[in-house]
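Got your viewer open? Load the model and get your selection tool ready, and we'll walk through it stop by stop.

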Amino acid sequence: MRHRKSVRFGTEAMKLELRGITKRFGSLVANDGVNLLVEPGQIHCLLGENGAGKSTLMNVLYGLYQADGGEILIDDKAVKFSGPGDAMAAGIGMVHQHFMLIPVFTVAENVVLGHEPVKAGGILDLAAARAKVKEVSDRFGFDVDPDAVVGDLPVGVQQRVEIIKALIGDAQVLVFDEPTAVLTPQETDELMAIMKQLRDSGRGIVFITHKLREVREAADKITVMRLGKIVGSASPTDTAEELASMMVGRAVDLDVAKTPAKPGEAVLSVKDLSVWDAAGAKVLDDVSFEIHAGEILVIAGVQGNGQTELTEAILGTQTKTRGTIVLDGQNLIGSSVKERLDAGLGFVPEDRTEDGLVADFTIAENLMLNRSDRAPFAKRGVLQLGFLKDFAQRKLKEFDVRAQGIESTAAQLSGGNQQKVVLARELSRKLSLLVASQPTRGLDVGSIEFVHEQIVATRDAGTPVLIVATELDEATQLGDRIAVMYRGKIVGIVPPNTDRAVLGKMMAGIPA
Amino acid sequence: MIRKILRSNVALSALAVLVSFVVGGVLIAVSNPAVQSTSGYFFSRPGDTLSAVWNAVFGAYDALFRGSIFNYQASNPADMISPITETLAYATPITMAGLGLAVAFRSGLFNIGGTGQILFGAMFAGWVGINVHLPWALHFPLAVLAGVLGGALFGALVGFLKATTGANEVIVTIMFNYIASLLLQYLLKTPILQAPHNINPISRPILDSAKYPAFLGPQFRLHAGVFAMLLAVWLVWWLLNRSTLGFQFRALGHNPSAAKVAGINIGRTYVLVMAVSGALAGLAGTSQILGTEGSLTTGVAASFGFDAITVALLGRNNPIGVLAAGILFGGLRAGAVTMQASQGVPIDIVFIVQSMIVLFIAAPPLVKAIFRIRDEKKAVAA
């Protein structure tokens, strides 16, 4: 294998076929007789909801799992991978959703990690590593500096480092596992261009995603998976609705159903709010806005322009602030997180696994996470487990959480169901304001629909809602007004029917 | 690392103990003089070596059993059950302190300060037990309460430092162990604790009115502290599983940032966790000073503070598990004496077995490899 690798560098096309792959986990069949043909010079989209078995299939391909049935063929010859090393040697590269990079190493060091070039005496030949990175980077126009420290690079560039890593290992088939989940719209466009370029160089690309816009833009061939099985193939010219229906298994309406807002009086008033981070840098700069009862204000913008800090300042976990946040006539500045939650603040954090849920706690326990100290969940410091059980069972039904039961841990749930648990918790008490940061991030179509419905229902009940959105579609569909943020400032507040191009410019800091 | 240890399961704990005993058996055999001399002519008469090995290992573990559970060789009933009472006498402080550490570990705080907190409990309880004169019904509860309070305060101080300055609790508790032990040494040389007209660092004896009742009679070291231990097991179980406070402790332990977003006051919870943890270690201190020891010396905490760490980990920070592990460790301690006396097996073998248990618990892959327990990733690599 090693020998073959150097011979074929960058030239030979490779055909990859998965035939009848079956993988079981206990009684669960994650992959059921899956066939997939990846031809050179093709972007093959593997489309499916979370839990459809896409990642399992790719882990089988990459040698992380052993299939219970079926075989992998490369150029019509059966191969067997007992680990990622075998898969890599055979010319398969994987760009993981969570990057496998060491932040304190440079690009060159990361790229050669595991197969370091050495000079005489076993000394690391960094010059050779640098040259390799530069060669690949130049060939594909990646514009990556081999000496940059990975931790300092933007996410989009880190992803390119992963791609370079795969290319240096002479990957002929590249698997991208949900690569756009962490990217900004611009970075997504750049990634698409890179994938097309790799395709044109004769490589086979497997692009795993559930985002329909991307599929239609990039794919040459689409295979749809549902519940561990291939349910068919589709064409990039199919409409988004058609693709979504195949993926979910029923008709899907992708538009957010909502009537025009009937805004009442201003309930939340943020005035001249500035926030400084731990290092003393100003991350939010004199932000002012109001949200009225029964209205959704979307904060749009590329991630990292102060939106997170804004929501955290409202919650009270950002403490170096100046300015005022007035909710229902009461200034929140200086009060604790608990006091703000008690004042009726509902909070759906950006990172639900990190900030929204305790992974090892049961669904029931997670449902009382921020109310464990009061009735009806506790009386005089004693948990009311009987009540909790009834409550959790009710909420499980009401929010359509798909789980074995209320004793399942949050970690066992899919992203969509985790988010439903967070929403169930936050929407089950009387709210005076709902703040939701990227509430549909990483969710599948069905869950996105559900989350949007719940948010609109909350608005219709007369609650002011603040949503942070990084995707323009979500911002325009959900928002009654859109505030665009750039570098800690609000560039402008515009109606949702504003032209996409104008919004795009605002996201780059140019006022409308 | 704490989380990793938390996830290991009961079977792995049991297997770790088993493997440790096997390793201990090998060491007993190797260090046995009869085995050494017979192995010199192993190839001509291998049976001699094998029977020597059997005698050494069986003899040692038989002595361990006789010393810790039931002495079938004794001539009267009291002597027969004496070993198990001895085991429980050792298990009492180890389990109490182990429970305290388990509470801290469950809450994500790696409290290594069991020793210091035991010492503070013993000092407070000891001072009250020596200097206050009251009838038993008042004096005893007061002394116990003082000890619990002493441990709680010393523990809470660690939580306070972590909450206000971000100090790492591992470092602080290790340093506090030194402070507690040196403070006790100092106080035992001043009139505050030292017995008058005595040149040794020892206090006056604890008044009988402050002691845990020796409910089996004075010939046994086991005292009513064993009931306090059982009560503590139940209390900790209740705290962790049935109370708001315990729920918040666990939330903090599993995911501090989610706890923060849920409005739980992290700093205050750190202080409370360490107070509860210290209180239980302080209770262990009272069991020593008001039950077993009789007067305060520098050796009052023995090695219980560190045994408690192992016991908490072996018991997977579950109160019932801690109780089981505490009794096991109590048994090892009690049996080690008999093992040395009757078989000449060095007491260190028991320490090695204890250490091996720690090692195997901290490194589950080792145990899994020995018993070929395969998980998904392993199966791929194999």
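The tour below goes through the domains of one chain, then the chain interface, then the other chain. Keep in mind that this is a predicted model.

**Stop 1: chain A, by domain**

Start by colouring chain A by its domain assignment: domain 1 is 1-91 + 172-254, domain 2 is 98-169, domain 3 is 258-344 + 431-512, and domain 4 is 355-429. Now hide domains 3 and 4 and look at what is left. The C-alpha centres of domain 1 and domain 2 of chain A are 25 Å apart. Where they touch, 10 residues of domain 1 of chain A are in contact with 7 residues of domain 2 of chain A. Select helix 7 of chain A, residues 185-200: this helix supplies the largest share of the domain 1 side, 5 residues. Colour that side of domain 1 of chain A by class and you get 7 nonpolar, 1 polar and 2 charged residues.

**Stop 2: where chain A meets chain B**

Bring everything back and select the interface between the chains. Here 30 residues of chain A are in contact with 20 residues of chain B. On the chain A side, click through helix 11 (337-342), helix 12 (352-356) and strand 20 (382-383), the elements that each give two or more residues. By class, this side of chain A splits into 15 nonpolar, 10 polar and 5 charged residues.

**Stop 3: chain B, by domain**

Next, isolate chain B. Its domain assignment gives domain 1 as 1-68 + 345-382 and domain 2 as 81-334. Put a marker at each C-alpha centre and the distance between these two domains of chain B comes out at 31 Å. Each domain of chain B puts 15 residues into their contact. On the domain 1 side, select helix 1 (2-7), helix 2 (10-31), helix 4 (46-68) and helix 15 of chain B, which give two or more residues each. Which helix gives the most to this side of domain 1 of chain B? Helix 15 of chain B does, with 6 residues. The whole domain 1 side has 9 nonpolar, 5 polar and 1 charged residues.

**Stop 4: a helix pair in chain B**

Stay with helix 15 of chain B (348-362) and add helix 13 of chain B (304-314): they pack at about 45°, with axes 10 Å apart. The two helices of chain B, 13 and 15, are therefore oblique to each other. Their crossing is left-handed. To see the contact, show side chains for T310(B), L313(B) and L314(B) on helix 13, then Q354(B), I357(B), V358(B) and I361(B) on helix 15. Those contact residues divide into 5 nonpolar and 2 polar, with no charged ones.

Definitions and conventions. Residues numbered from 1 in each chain as written. Chains lettered and ligands numbered in written order. Predicted model: local features only at pLDDT ≥ 70, side-chain atom pairs only at ≥ 80, totals over all residues. Domains from an automatic or database assignment. Contact = placed C-beta atoms within 7 Å. Helix = DSSP H or I, 4+ residues; strand = E, 2+ residues; numbered from the N terminus. Nonpolar A, V, L, I, M, F, W, Y, C, P; charged D, E, K, R; others polar. Axes fitted to C-alpha atoms, helices over the stretch in contact; angles between N-to-C directions. Parallel < 35°, antiparallel > 145°, perpendicular 65-115°, else oblique. Left-handed = near helix turned anticlockwise from the far one by under 90°.
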